[in-house]
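Please look over the chain shown below before reading on. The report that follows goes from its general layout to some of its individual residues.

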Amino acid sequence: MKQLLQTKGKLLGVDFGDKRTGLAISNDMRTLASGITQISVGGMQKTAAAVAQVARERAVVGVVVGLPVNMDGSHGPRAQHAEKFAGLLREALTALAVEIPVVMQDERMTTMAASRYLNETDTRGSKRKGVIDTLSAEIILQNALDKLRFMKERAEAEAANHTDTEADT
């Protein structure tokens with residue numbers, strides 16, 4: 001995640017799935033994530049290539065891929081699958097001459113949060129299938145944006161404290 005602190009501009013959020021992959025994008029100020037689309041091309045390699053194409057078209061400066069960590073914090077088969085996808089995405093971006101960081105973001109509870117939201121808005125059936133992955137990507141990216149904002153604020157506060165300490169000596 002620290003790699004993204006060194007960049008400025010829009011980020012792409014990805015909720016990778018075997019059948020459907022949801023995508024979200026941030027605004028330039030990185031305050032808000034918005035769902036943009038769902039990809040259903042089939043296969044990890046094709047999905048990575050399609051996501052890389054979206055990253056290039058949208059001129060993002062980084063990609064955040066959801067990491068399905070187990071509730072106890074361990075990495076099971078689903079997390080390893082997502083990490084493999086992130087590696088393929090890096091390769092696909094490089095093949096398009098797009099050199100941007102791809103980072104992983106813990107996605108625990110995002111699908112549950114998305115489901116809860118869709119229940120509250122009474123979104124059912126095929127419409128629900130069409131938006132849940134995009135909404136999950138939006139939540140993953142928003143969590144990453146909030147984390148980046150916290151990391152930046154903490155670094156600025158530490159720098160200010162360091163400057164104050166030097167002034168006192």
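In this report, two residues are in contact when heavy atoms of theirs lie within 4.5 Å. With that meaning, and leaving aside neighbours within four places in sequence, R30 is in contact with L4, T7, K8, G9, L11, V61, L145, L148 and R149.

## The model and its overall layout

The structure is a predicted model, and its chain holds 5 helices and 5 strands, which follow one another along the sequence in the pattern α-β-β-β-α-β-α-β-α-α. Of the 169 residues in the chain, 43% count as buried. Among the contacts with a separation of 6 or more, 66% are made by residues that stand 24 or more positions apart.

## The nonpolar cores

The largest nonpolar core is made up of 24 residues, and those with the most contacts inside it are L12, V14, V51, V63, F85, L89 and L93. Two or more residues of this core come from each of the elements β1 (11-15), β2 (21-26), α2 (44-57), β4 (62-67) and α3 (77-95). Apart from this core lies another one, of 14 residues, which includes L11, V64, I140 and L141.

What does V14 touch, once residues up to four places away in sequence are not counted? The residues in question are T21, G22, L23, V51, V63, V64, V65, G66, F85, A137 and I140.

## How α2 and α3 pack

The helices α2 and α3 pack at an angle of about 55°, and their axes are 8 Å apart. Angles from 35 to 65 degrees fall outside the roughly parallel and roughly perpendicular classes, and α2 and α3 are therefore oblique to each other. Their crossing is right-handed.

On the side of α2, the residues that take part are M44, Q45, T47, A48, A49, V51, A52 and A55, and they meet H81, K84, F85, L88, L89, A92 and L93 in α3. The residues of this contact divide into 11 nonpolar, 3 polar and 1 charged.

## Two buried residues

R30, whose contacts were given at the start, has its place in the loop between β2 and β3 (33-39). Is R30 buried or exposed? With a relative accessible area of 12%, R30 is buried, because the cut-off for a buried residue is under 20%. One of the residues in contact with R30 is K8; R30 and K8 are 22 residues apart in sequence, while their C-alpha atoms are 8.5 Å apart in space.

T134 belongs to helix α5 (residues 125-168) and, at 13% relative accessibility, counts as buried as well. Not counting residues up to four places away in sequence, T134 touches G22, L23, G35, I36, T37 and Q38. Both G22 and L23 are also among the residues that V14 touches.

## Two loop residues with positive phi

A59 is found in the loop between α2 and β4, and has a positive phi of about 55° although it is not a glycine. The relative accessibility of A59 is 51%, so A59 counts as exposed, given that the cut-off for an exposed residue is over 50%.

A97 lies in the loop between α3 and β5 (102-106). This residue, too, is not a glycine, yet A97 has a positive phi of about 60°. At 65% relative accessibility, A97 counts as exposed.

Note on methods
Residues numbered from 1 in each chain as written. Predicted model: local features only at pLDDT ≥ 70, side-chain atom pairs only at ≥ 80, totals over all residues. Heavy atoms only, no water. Core = buried A, V, L, I, M, F, W, Y, C linked by side-chain atoms within 4.5 Å. Buried < 20%, exposed > 50% of the residue type's maximum accessible area, 1.4 Å probe, protein only. Helix = DSSP H or I, 4+ residues; strand = E, 2+ residues; numbered from the N terminus. Axes fitted to C-alpha atoms, helices over the stretch in contact; angles between N-to-C directions. Parallel < 35°, antiparallel > 145°, perpendicular 65-115°, else oblique. Left-handed = near helix turned anticlockwise from the far one by under 90°. Nonpolar A, V, L, I, M, F, W, Y, C, P; charged D, E, K, R; others polar.
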